[in-house]
Amino acid sequence: MEDENTFNRVRFLSMGKKKDIEEVVENSKKAGLLALLAVAEHAGEFDKIIALSERFPGFIFPCLGVHPVQEVSPEQQRGASLQDLDAALPIIEKYKDHLVAIGEVGLDFTPRYVSNDTDKESQRQVLIRQAQIAKELDLPLNVHSRSAGRPTINLLKEQGVEKVLLHAFDGKPSVAMEGVKAGYFFSIPPSIIRSEQQKLVKQLPLENICLETDSPALGPEKQVRNEPKNICISAEYISKIKGVSLEKVMEVTTQNALRLFPKLKSAIRP
């Protein structure tokens with residue numbers, strides 16, 4: 001697929017640890033991608049995300065934020081706390097002029113990460129503070145909402161957040177439509193070919209859809225490393241579900257991305 005106006009949200013740092021980063025970027029460009037949004041999950045990744053954006057200027061754009069799930073060890077994760085955010089705030093302040101979004105932020109009420117209302121409230125407070133930061137910096141929020149679709153959308157609306165990308169949304173389509181009413185966007189990864197998101201895409205207006213890969217996760221095959229070049233799979237599947245041309249999907253989702261992330265306009269060169 002030769003699409004010269006496509007933008008892709010990736011969890012790019014994890015892939016950046018591989019020795020083949022140059023090849024991954026080159027394959028992305030060959031697939032027609034003009035820009036990648038690289039999202040962080042905790043303060044320890046921030047400098048590396050910025051370094052990637054400096055290594056590939058005008059192609060990789062940084063997003064810094066504290067994810068609702070934090071890793072204690074490879075075998076253990078927990079919900080985010082305000083202490084996690086305290087470590088992140090000075091770095092966000094340092095790089096604020098370079099950011100295209102605050103993210104990845106959100107709520108994750110998967111039972112293994114939250115055991116009581118206190119854990120949920122801690123995640124809420126971390127999200128509320130980052131929502132405030134995004135508004136102060138006039139930046140969109142890149143939002144995770146696993147097992148917490150309705151609480152996440154309700155909280156964002158309560159906080160008056162207007163610029164939102166809900167990535168890989170796993171809630172009910174009826175809940176997503178509340179986000180649509182608020183003007184939020186929803187990004188669709190290649191895993192749509194094997195997920196319940198097919199029902200979501202059927203109901204979402206194309207004008208509220210963006211594309212993502214969430215690389216290296218959420219690829220077309222389970223347990224296989226995803227790459228940005230697979231964005232074409234998302235676009236092609238959406239075109240089939242919506243009954244519109246692939247070109248239409250690429251055009252509209254690109255314009256959606258530019259509306260939500262205006263700093264990406266620098267990636268489009270005449």
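These legends go with three close-up views of a predicted model.

**View 1. Ile128 and its surroundings in helix α5.**
Start with a single side chain: Ile128 is part of helix α5, which covers residues 117-137. Its relative accessibility is 17%, so Ile128 counts as buried, the cut-off for buried being under 20%. Which residues does Ile128 touch, leaving aside those up to four places away in sequence? They are Leu155 and Gln159. For a sense of distance, look also for Cys63: 65 residues separate Cys63 from Ile128 along the chain, and their C-alpha atoms are 17 Å apart.

**View 2. Strand β9, covered on both faces.**
Here you can follow strand β9 through residues 185-188. Phe185 and Ser187 lie on one side of the strand, while Phe186 and Ile188 lie on the other, and all of them are buried.

**View 3. The partners of β9, strands β8 and β10.**
Take β8 to begin with: this strand, residues 164-167, pairs with β9 in the parallel sense over three bridges. Within this pairing, Leu165 stands opposite Phe185 of β9. To get from β8 to β9, the chain passes through helix α7 (residues 173-181), making a right-handed β-α-β crossover.

Now turn to β10, residues 209-211, which is also joined to β9 by three bridges in the parallel sense. Which residue of β10 is the bridge partner of Ser187? Look for Cys210. Helix α8 (residues 197-203) completes the picture, since β9, α8 and β10 together make a right-handed β-α-β unit.

Methods: Residues numbered from 1 in each chain as written. Predicted model: local features only at pLDDT ≥ 70, side-chain atom pairs only at ≥ 80, totals over all residues. Heavy atoms only, no water. Helix = DSSP H or I, 4+ residues; strand = E, 2+ residues; numbered from the N terminus. Buried < 20%, exposed > 50% of the residue type's maximum accessible area, 1.4 Å probe, protein only. Contact = heavy atoms within 4.5 Å. Pairing = 2+ DSSP bridges. Right-handed = clockwise from strand over helix to strand, strands pointing away.
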